[in-house]
Amino acid sequence: MPACIMGIVNVTPDSFSDGGEFLDPDRAIAHGRELAAEGADLLDIGGESTRPGAGGVTAEEELARVRPVVDVLAHDDGPPISIDTSKLAVAEAALGAGAAMVNDVTALRAEPELAALCAERDCELVLMHMLGDPRSMQENPVYEDVVDDIKAFLAERIQFALSKGVSEERIWVDPGIGFGKTVEHNLELHRRLPELAELGRPIAFGSSRKSFIGKLTGAEVDQRLGGTIASNVIAYANGARMLRVHDVGPMREALTVADAIINPRTHESAS
Ligand code: HH2
């Protein structure tokens, strides 16, 4: 398995690329099933947008959005479910309903008690870097050295998770593409991803349809598949082991070809 593909299911009215499309639970469930059929290894279900400028939602609202979707997809005989949340109450309910992973874009800073829950449930945990919060993160982000700073942040967050009892082998790290980064910061993170692998944990990567792609190509948010594929193939070649994308089928094809080039021995039988 070269890298796993995490399919995005946004049960939100305002996500940056597909807000409102899957707010209705039946549509979100159908979408999750489509992504599973296209080859998703995981489904990441989220009920709160983290797009630049987004305001927060209450735990009750977030739970009302995601709960019916997790309830069905977790019992579908499909891929494992990840819950994209920073809230203890939402994670607890989703894990109770069968989710296997918590994807926290605040890396346990919003609700630090989430760490103990992950430790107790022994679930997978993604720790992502974000500079500031969604309201302010794109206002002139500044780093001393973007990769060194993010690496130090993630190292500290790994230590925090470990101190709360999370098993090291459950932890994934994510540079947080687009979360408080300029176009140049995002590009540098692609190039220098191997430096983050030095943390000793697998890298999750989420660049799908993000605005740096639009800034480079001029493409609107629903026309960024080519840029998304390029970004993820480079990230894979540079060590990413989980690719979080909206368009699972095309990403699966691209990853199959990229893997055949990079790891020729595993693909000899295809010739
Ligand atoms: N990006 C988004 C949300 N969650 N999780 C991880 N681990 N890495 C990411 O890069 C990441 C993430 C933003 O994308 P999306 O869910 O499509 O948009 P929104 O936050 O507007 O719902």
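A polar contact, as I will use the term this morning, is a pair of N or O atoms within 3.5 Å. Please keep in mind throughout that what we are looking at is a predicted model.

With that cut-off in hand, let us turn to the ligand, where a polar side-chain atom of aspartate 174 lies 2.7 Å from one of the ligand's nitrogen atoms, so this pair counts as a polar contact under the 3.5 Å limit. On the oxygen side of the ligand, serine 49 brings an N or O atom of its side chain to 2.7 Å from a ligand oxygen, while phenylalanine 16 contributes a backbone N or O atom, which lies 3.0 Å from an oxygen atom of the ligand. Of the 470 Å² that the ligand exposes when taken alone, the protein buries 98%.

Stepping back to the surroundings, we find 17 residues around the ligand, with Ser15, Ser49, Thr50, Asp174 and Lys210 the closest, and this shell divides into 5 nonpolar, 7 polar and 5 charged residues. The space that the ligand takes is the largest pocket.

Finally, a word on rings: the structure holds 0 aromatic pairs, but the charged end of arginine 157 does sit over the ring of phenylalanine 160, at 4.6 Å from the ring's centre.

Note on methods. Residues numbered from 1 in each chain as written. Predicted model: local features only at pLDDT ≥ 70, side-chain atom pairs only at ≥ 80, totals over all residues. Heavy atoms only, no water. Near = heavy atom within 4 Å. Polar contact = N/O pair within 3.5 Å; in protein donor to acceptor, adjacent residues only side chain to side chain. Areas by Shrake-Rupley, 256 points an atom, 1.4 Å probe, with all protein chains shown as cover. 1 Å grid on protein atoms, 1.4 Å probe; cavity = no way out; pocket = protein on both sides within 12 Å on 5 of 7 lines; lining within 4 Å. Sits in = over half its atoms within 2 Å of the grid points. Nonpolar A, V, L, I, M, F, W, Y, C, P; charged D, E, K, R; others polar. Phe/Tyr/Trp six-rings, centres within 6.5 Å; stacked < 30°, edge-to-face > 60°. Lys NZ or Arg CZ within 6 Å of the ring centre and 35° of its normal.
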